[in-house]
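Student: I'd like a close look at a single part of this model, with the rest of the chain brought in as it becomes relevant. Here it is.

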Amino acid sequence: MRISVAILTAVFSCAAPALRAGEPVKGPFVSNDFRDNWYLSLGTGGQIYIGDDNGKAPLADRITAPLEISAGKWLHPAYGLRVQMTAGNNKGFATAPNAVLVSGPENSDGLYPQEWKHVCIHGDFMLDLSTLIAGYRPGRLYSALPYLGTGFDVMFDMKKKGHGHAAVHILGLVNRFRLSESLDANMEMKLTAIDKSFDHYRSNNGLEGYFTTTVSITWRIGKAGRQHFKKALTTTTVE
């Protein structure tokens with residue numbers, strides 16, 4: 001408990017300068033340089049695979065801890081692009097003992113556990129919903145960042161029995177909390193849809209996928225002057 005209080009105190013101490021956010025600014029804005037408004041993020045959390053028979057197993061037996069690495073650039077105060085890589089293990093369950101990815105004996109629920117490694121890489125179009133609604137404010141303490149993404153997922157079976165890849169389509173939301181001029185803390189939630197043949201276990205159900213919740217730290221690259229957008233005073237603008 002003391003550790004949790006200490007962490008929260010440290011976070012809000014770092015965030016205190018962000019509360020002095022200033023007045024929101026409406027566009028148009030000066031087009032930023034290629035070197036401006038880049039960031040890197042590193043995070044982890046919990047993930048479950050939503051598959052054919054997985055819902056029959058206890059939730060605690062389905063959770064894995066992915067590692068996420070992201071790099072992105074804000075092209076405008078209200079939108080930007082990001083590339084994210086998620087890597088780790090997935091867990092599933094099957095009622096058929098001969099399913100390709102079965103990794104252990106039948107459990108007490110009559111299910112056979114499945115487990116495999118995977119790497120998912122996707123590109124995302126990000127929106128800053130807070131800026132769209134309330135205007136641009138570089139020091140805003142909280143921002144809601146919904147996004148759409150697409151990419152591919154590659155499977156590596158832990159027992160060398162299965163492999164494959166499939167396209168993914170992603171809907172997500174980043175809750176961004178400003179800690180300082182260069183650092184943000186994030187809580188991200190996303191739903192990833194993938195072809196149901198990905199886990200080599202087919203049924204008549206719909207799409208499969210993951211639900212992922214992570215926490216991460218973002219480092220905004222460069223000096224403060226390269227992290228902020230300026231209101232346009234000339235005709236070179238991003239509308």
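Which strand gives the most to the lining of the largest cavity? Please start from there and walk me around that part.

Tutor: That would be β2, with 5 residues in the lining. Before we climb in, keep in mind that this is a predicted model. The chain averages a pLDDT of 78, with 66% of the residues scoring at least 70. Two stretches deserve some caution. Residues 3–20 have a pLDDT below 50, and beyond near neighbours in sequence that stretch has 10 contacts in the model. Residues 234–238 are also below 50, with 12 contacts counted in the same way.

Now the general layout. The protein chain has 2 helices and 10 strands, and read along the sequence they come in the order α-β-β-β-β-β-α-β-β-β-β-β. Of the 239 residues, 40% count as buried. If you take contacts between residues at least 6 apart in sequence, 68% of them join residues at least 24 apart.

On to the cavity. The structure holds 1 cavity of 30 Å³ or more, and about 500 Å³ of space lies in the largest cavity. Its lining takes in 38 residues, and those nearest the centre are W74, L145, R176, D184 and R220. Besides β2, the strands β3, β4, β6, β7, β8 and β9 each supply at least two lining residues.

Let's stay with W74 for a while, as it is one of the residues nearest the cavity's centre. W74 sits in strand β3, which covers residues 67–76. It counts as buried because its relative accessibility is 11%, below the 20% cut-off. Leaving aside neighbours within four places in sequence, W74 is in contact with N32, N37, Y39, Y79, G80, M126, L127, D128, L145, R176 and F229. Two of those partners, L145 and R176, are themselves on the list of residues nearest the cavity's centre. For a distance to check in your viewer, the C-alpha atoms of W74 and F125 are 10.0 Å apart, although 51 residues separate the two along the chain.

W74 also turns up in the largest nonpolar core. That core has 18 residues, and W74, M126 and I194 touch the most other members. At least two core residues come from each of β2 (38–50), β5 (112–127), β6 (142–157) and β7 (163–178). The largest share, 4 residues, is from β7. As background, nonpolar side chains in soluble globular proteins tend to be buried together.

I194 takes us to β8, the strand that spans residues 183–194. Its covered face carries D184, N186, E188, K190, T192 and I194, while L183, A185, M187, M189, L191 and A193 make up the uncovered one. That every-other-residue pattern has a simple background: in a regular strand the side chains alternate between the two faces of the sheet. D184, on the covered face, is another of the residues nearest the cavity's centre.

T192 gives you a closer view of that covered face. It is buried because its relative accessible area is 2%, under the 20% limit. Not counting residues up to four places away in sequence, T192 touches V168, H169, I170, E208, G209 and Y210.

Next, see how β8 is held in the sheet. It runs antiparallel to β9 (residues 208–220), and 12 bridges join the two strands. N186 has S216 as its bridge partner in β9, and I194 has E208. So far as T192 is concerned, E208 appears among its contacts too.

And β9 brings us back to where you began. β2 and β9 pair in the antiparallel sense over 12 bridges, with Q47 standing opposite T212 in β9. β2 is the strand that gives the most to the cavity lining, and β9 is among those supplying at least two residues.

For contrast, finish with F156 in strand β6. F156 is partly exposed because its relative accessible area is 43%, which falls between the 20% and 50% cut-offs. Its C-alpha atom is 9.1 Å from that of N89, and the two residues are 67 apart along the chain.

Conventions: Residues numbered from 1 in each chain as written. Predicted model: local features only at pLDDT ≥ 70, side-chain atom pairs only at ≥ 80, totals over all residues. Heavy atoms only, no water. pLDDT = per-residue confidence, 0-100. Contact = heavy atoms within 4.5 Å. Buried < 20%, exposed > 50% of the residue type's maximum accessible area, 1.4 Å probe, protein only. Pairing = 2+ DSSP bridges. Core = buried A, V, L, I, M, F, W, Y, C linked by side-chain atoms within 4.5 Å. 1 Å grid on protein atoms, 1.4 Å probe; cavity = no way out; pocket = protein on both sides within 12 Å on 5 of 7 lines; lining within 4 Å. Points joined across faces, edges and corners; volume = space filled by probe spheres on them.
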